[in-house]
Amino acid sequence: MARGLRLFTALTFDEKTRAAARAVQDELRRHVARGTWPGPESFHLTLCFLGSVPEERLAELESVLLGVEVPRFEVSFERVGRLAGRRRAGCRTPEGDTWVLEAAPAPQLMAVQKDLELRLAGAGFATPSRAFKPHLTLGRRVVPALENDVCALEKPVRCAVDSFALLRTEFTGQGPVYHEVLRVGASDGFRMLSDGVGTQVEPGQSQM
């Protein structure tokens, strides 16, 4: 049986925002012994994780996503913290902790995510089982644990967004690589092909 495409929807960021997040990541690294550190090109804020999706459903999925309205809004990352749910009292995983930039749950961000979740569920696609807590992952398997679970940033990382992306995960020996399949919002239907060339597509039209 052919394997499906491992897909998720996410906000991606411009170079300035990635650089600011990288500076926070570098500061975190100064205080720990080791961890796995995503590169700036991988920084994103997951909206809905779909898991493995059969390639033959890709056109249907695109049609669902292109129905989502994306206003221009601001995302503000205001704290660094340990990802909720990864640590229990008196119990710590031996591989270390996941540390993230926590985003303030702005109304427009929450509305876009909820709209996405409802549309995906209505079309029979898998939807997140956990409550949505917007964040950008800075490091995984981080050890040792820091004294505080969360720390407010002196200067929040803020950015304006007006679109989200459907991303495909490719697992490599150097960690996961994310490929943009579809962008929804500012450039509805703009799609990146495997050769890196962009093309304009109509809702439901597949170029895979």
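The following conversation concerns the pockets, core and strands of a predicted model.

Biologist: What is the volume of the second largest pocket?

Modeller: In this predicted model, the second largest pocket has a volume of about 380 Å³. Its lining comprises 15 residues, and those closest to the pocket centre are Glu27, His31, Val80, Cys151 and Leu153.

Biologist: Which elements supply at least two residues each to that lining?

Modeller: Helix H1, spanning 15–29, and strand E7, spanning 150–161, each do so. The largest share comes from E7, which contributes six residues.

Biologist: And how many of the lining residues are nonpolar, polar or charged?

Modeller: Nine of the lining residues are nonpolar, two are polar and four are charged.

Biologist: Turning to the interior, how many residues does the largest nonpolar core have?

Modeller: That core has 47 residues, and Leu11 and Phe164 are the ones with the most contacts inside it. Strand E3, residues 45–53, gives the most to this core, with five residues. As general background, nonpolar side chains in soluble globular proteins tend to be buried together.

Biologist: What does Phe164 touch, leaving out residues up to four places away in sequence?

Modeller: On that basis, Phe164 touches Thr9, Ala10 and Leu11, together with Leu47, Leu65, Val68, Val70, Val112 and Leu116. Leu182, Arg183 and Val184 are also among the residues that Phe164 touches.

Biologist: Which strands pair with E8?

Modeller: Strand E1, residues 5–11, pairs with strand E8, residues 163–172, in the antiparallel sense over four bridges. E8 also runs antiparallel to strand E9, residues 175–185, and 10 bridges join these two strands.

Biologist: Which residue in E8 is the bridge partner of Phe8?

Modeller: The partner of Phe8 in E8 is Leu167. On the E9 side, Glu170 stands opposite Val177.

Biologist: How many residues does the hairpin from E8 to E9 pass through?

Modeller: The hairpin joins E8 to E9 through two residues.

Biologist: A different topic: where does Thr137 lie?

Modeller: Thr137 lies in strand E6, which covers residues 135–143.

Biologist: Is Thr137 buried or exposed, and why?

Modeller: Thr137 counts as buried because its relative accessible area is 15%, and the cut-off for buried is under 20%.

Biologist: What is Thr137 in contact with, leaving aside its neighbours within four places in sequence?

Modeller: Thr137 is in contact with Pro38, Phe43 and His44, and also with Thr98, Trp99 and Val100, once those neighbours are left aside.

Terms used:
Residues numbered from 1 in each chain as written. Predicted model: local features only at pLDDT ≥ 70, side-chain atom pairs only at ≥ 80, totals over all residues. Heavy atoms only, no water. 1 Å grid on protein atoms, 1.4 Å probe; cavity = no way out; pocket = protein on both sides within 12 Å on 5 of 7 lines; lining within 4 Å. Points joined across faces, edges and corners; volume = space filled by probe spheres on them. Nonpolar A, V, L, I, M, F, W, Y, C, P; charged D, E, K, R; others polar. Core = buried A, V, L, I, M, F, W, Y, C linked by side-chain atoms within 4.5 Å. Buried < 20%, exposed > 50% of the residue type's maximum accessible area, 1.4 Å probe, protein only. Contact = heavy atoms within 4.5 Å. Pairing = 2+ DSSP bridges.
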